[in-house]
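Trainee: I would like a close look at one strand and what surrounds it. Please take me through it step by step, then move on to the rest.

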Amino acid sequence: MNVSLNWLKDHLDLDHMSIQDMDDLLTFAGVEVEGISQKGVPTDKVVVAQVKSAEKHPDADKLKVCMVDAGEGELRQIVCGAQNYSVGDKVPCALPGADLGGGFVIKDGKLRGVESKGMLCGPDEIGLASADDGLMILSQDLEIGKPLQQLFETDTIIEVEVTPNRPDLLSHTGMARELAALAGIERKALDLAEPDTETNDALVKLSAAESCPLYTAVKISGVRVADSPAWLKTKLEAIGLRPINNVVDITNYALHELGHPLHAFDAAKVDGALDVRMATDGEIFKALDEADYTLNEEDVVISDASGKALALGGVMGGLDSGVSNATTDVILESAYFTPSKIRRSSRRLILSSDSSYRFERGSDAQGVLKASAFAARLIVELAGGSIEGSTAIAGHAPELTGDVELDASKLDQLMGGSISLSSAEDILTRLGLEKREGNLWSVPSYRLDLHRHIDLVEEIARVHGLSNVPSRFAASFAQESDVDATYDYQMSLRKELSAIGFYETQTIKLIAESSTDLTVAQMDTALPLRPLQDGDLIRVALPLSEDHAVMRPSLTPGLVATAARNIRQGAKSLRFFEIGRQFRNAGGGKASDLESDSLAILLGGERRPATWSVKAGCQGRIDAFDVKAAIVALLPNKDIQFAQRERDGFIIAADVQCEGKPVGVFAQLSPSKCRDLGSDTPIYLVELDLKKCQQLSSGVKQVDELPQFPGSSRDAAMEAPVEMANAEIEKVIKKHNEQLLVSSACFDVFQDSSGAKLPADKKSIAYSFHYRSPERTLKAKEVDQAHQKLLDQLAKSLPVSYR
């Protein structure tokens, strides 16, 4: 909401308070200030100038070279493109050095080769609102050379974010009340007397009391619709509203002055009494924004005897019943609408207004008549006419606030003894509360958020200042819980994956069971830790859409959908992960509603981006070993193996084993699915059981000393069957447990499908083995003996021979 400082000064004496002080005061009291801006002429270097001559530019048809008197004793040459001025007119002139905002500073320069020393300005260029194009033509009475800052009022606009529980702040009166209470200053009281009322069925009928507990209307005859006076236009323009005419402007002014929405009908366009009723299903309403809206039975409308909807209650008036220049009689509406009804209509119709914004948060039901009388008096004052009879009223204003007891002992406890009871009572009085017997306090009708003792304590704390409440106790030690340990572990995984180039995603927990708008069905890319059986899926009883019909049994569908969106945006390298919860039954539904936390990883595309040092085509492609490297980074110093296992829908799949124990699953999407996603490179998926990974990562971290003695390497080339997996070799090496063996790695694989150099059913695998002793430098004989034992064990355990 925009708040005008000049408008606030109608309520408060703010001469002693700077804008920064006001900003701090509101912010620390829980009223967030989102921005502060200036309205009006921004600099004293914009002055009144008179055009003495205007000649056609020698090199531009639409430009003129003007000689201007800016009160400096000599004429100033300025090139101007406006067409709405004549020689002798007085106009604003921005001199060199004038900062017009947004980094736009006037300088001496040339336009099409002609020197220009300044700029002649339109109103919008110097912070003044106007619907006219071209230069701003000033009065001939103004003194040449006088700064426009001295002629036009400047203002400061404070943009505040009002929380939904404080609708009382959605007006200048409400903000003035708040500032007066916070700063301890007096507020100038408004004359808001309630009008005489009567029940008048000829003017008002209430057929929807649940949606509109109170509705009032007053008729004003003989008005003259015209432009608003300058002071009213200035106030509205300051907060970003466009003046329309005096009657409409008064309703907007009353809204932003008092916080209560009003609406004016053209009485000539109303047939009989106004009827507050519920809309019929399918009823069409044409609003002031000239759009047609289809209503249903939950919307409240204001209609007349003909049944035509003249306004959508609490949201917006109708186009056909609004005030125009031909209007002579108006009916002024003031009402209280049930917030939930207005909120529902506004959200469903996607139609929001200043009125609905306030009604759906809760307006002051006791202020309905006061707002009506305030606006009616202004209409008579500014538009003429007279009020016909008493204000017609239908229904009753609900009592939404009451008495609340302040517990003095709890107040002292919660405030740490930092404030006396008398000071606390003074704060409540400044906030508009009235003290009753004992410690009971009567809450004003506009403070809908105060219902409990703790609400009063919060108000006292806000005004007193939380910085004045002493911090008495340091935090006591609490033993780390399992939840703490899980949180810390998951955060460590996030940091590790981010450090090695992955991006975290957060996807919805509901997925589609079959393909809808996605190119790949989400269930087809699920990679659950245990294969699914019939009955293992948890389906939503009443899904919002087909895309949200199943609780995800795996995190990978969300990652695949994320990858698809990134591929469409041109991403060349895919590195994503998500930590979250997956849901499933087990045993075909025998064990139901199981939940567990998983870590899912997706890798694909280029291994490195193309740069000046990595030419296009040389980036390399991510493969399964990159996936394994990422897992090793998360489980350091652990033996990670992929044990092949068939999974439907994937070209390659395996169980991920850590120290021989299954901790997750790995798979590669089929080429057809990759093509559906728009990828021409393989895409790999991993899902890990976080509970198992955490157990394997717990305990004391072991750190190996740096080796003090040199090692020695030996190579071996083995001939093995084509179908034999490398994991079998690694298992034998690990089981052999040679104490001197430090590391081993496969560095070459050779196959010849023709059978010329090697039988077609065989492959050659080359391994490098590194030996070292932590106690001494090994002799060559010792290394050869250890190496031969290992080779013999491999030959004994596997169908391999050495080349």
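Mentor: Start with strand 21. Both of its faces are covered. On one side, V330, L332, S334 and Y336 are buried. On the other side, I331, E333 and A335 are buried too. Keep in mind that this is a predicted model. The count for strand 21, residues 330-336, agrees: 7 of its 7 residues are buried.

Now look at its partners. Strand 13, residues 214-221, pairs with strand 21 in the antiparallel sense, over 7 bridges. One place to find this pairing is I220, whose bridge partner in strand 21 is V330. Strand 14, residues 262-266, also runs antiparallel to strand 21, and 5 bridges join the two. Here, A264 has L332 as its bridge partner in strand 21.

Compare another pairing. Strand 5 covers residues 76-80, and 4 of its 5 residues are buried. Strand 4, residues 64-69, pairs with strand 5 in the antiparallel sense over 5 bridges. K64 has C80 as its bridge partner in strand 5. The hairpin of these strands has 6 residues between them, and G71 there takes a positive phi near 80°.

Next, the cores. In soluble globular proteins, nonpolar side chains tend to be buried together. The largest nonpolar core in this model has 41 residues, and M22 and I460 have the most contacts inside it. The elements giving two or more residues to this core include helix 1 (5-8), helix 2 (19-28) and strand 10 (155-161). Helix 3 (172-183), helix 10 (421-430) and helix 11 (453-464) are also among them. Helix 3 gives the most, with 6 residues. Apart from this core lies another, of 33 residues, including A217, I302, A309 and F337.

Go back to I460. Leaving aside its neighbours within four places in sequence, I460 is in contact with L406, L411, M415, I419, A424, I427 and L428.

That brings us to a helix pair. The axes of helix 10 and helix 11 come within 9 Å and cross at roughly 95°. The two helices are therefore roughly perpendicular to each other. From helix 10, A424, I427, L428 and R430 take part in the contact. From helix 11, they meet L456, E459, I460, V463 and H464. The residues of this contact divide into 6 nonpolar, 1 polar and 2 charged.

Note on methods. Residues are numbered from 1 along each chain as its sequence is written. This is a predicted model: local features need pLDDT of at least 70, side-chain atom pairs count only at pLDDT 80 or more; totals for chains, interfaces and linings use all residues. Side-chain values use heavy atoms; hydrogens and water are left out. A nonpolar core is a set of buried Ala, Val, Leu, Ile, Met, Phe, Trp, Tyr and Cys residues joined through side-chain atoms within 4.5 Å. Buried means under 20% relative accessible area, exposed over 50%, partly exposed in between (1.4 Å probe, protein chains only). Helices (H or I, at least four residues) and strands (E, at least two) are DSSP runs, numbered from the N terminus. Contact means heavy atoms within 4.5 Å. Axes are lines fitted to C-alpha atoms, for helices over the stretch in contact, and angles run from 0 to 180 degrees between N-to-C directions. Angles under 35 degrees count as roughly parallel, over 145 as roughly antiparallel, 65 to 115 as roughly perpendicular and the rest as oblique. Ala, Val, Leu, Ile, Met, Phe, Trp, Tyr, Cys and Pro count as nonpolar, Asp, Glu, Lys and Arg as charged, and the others, Gly among them, as polar. Two strands pair if DSSP finds at least two bridges between them.
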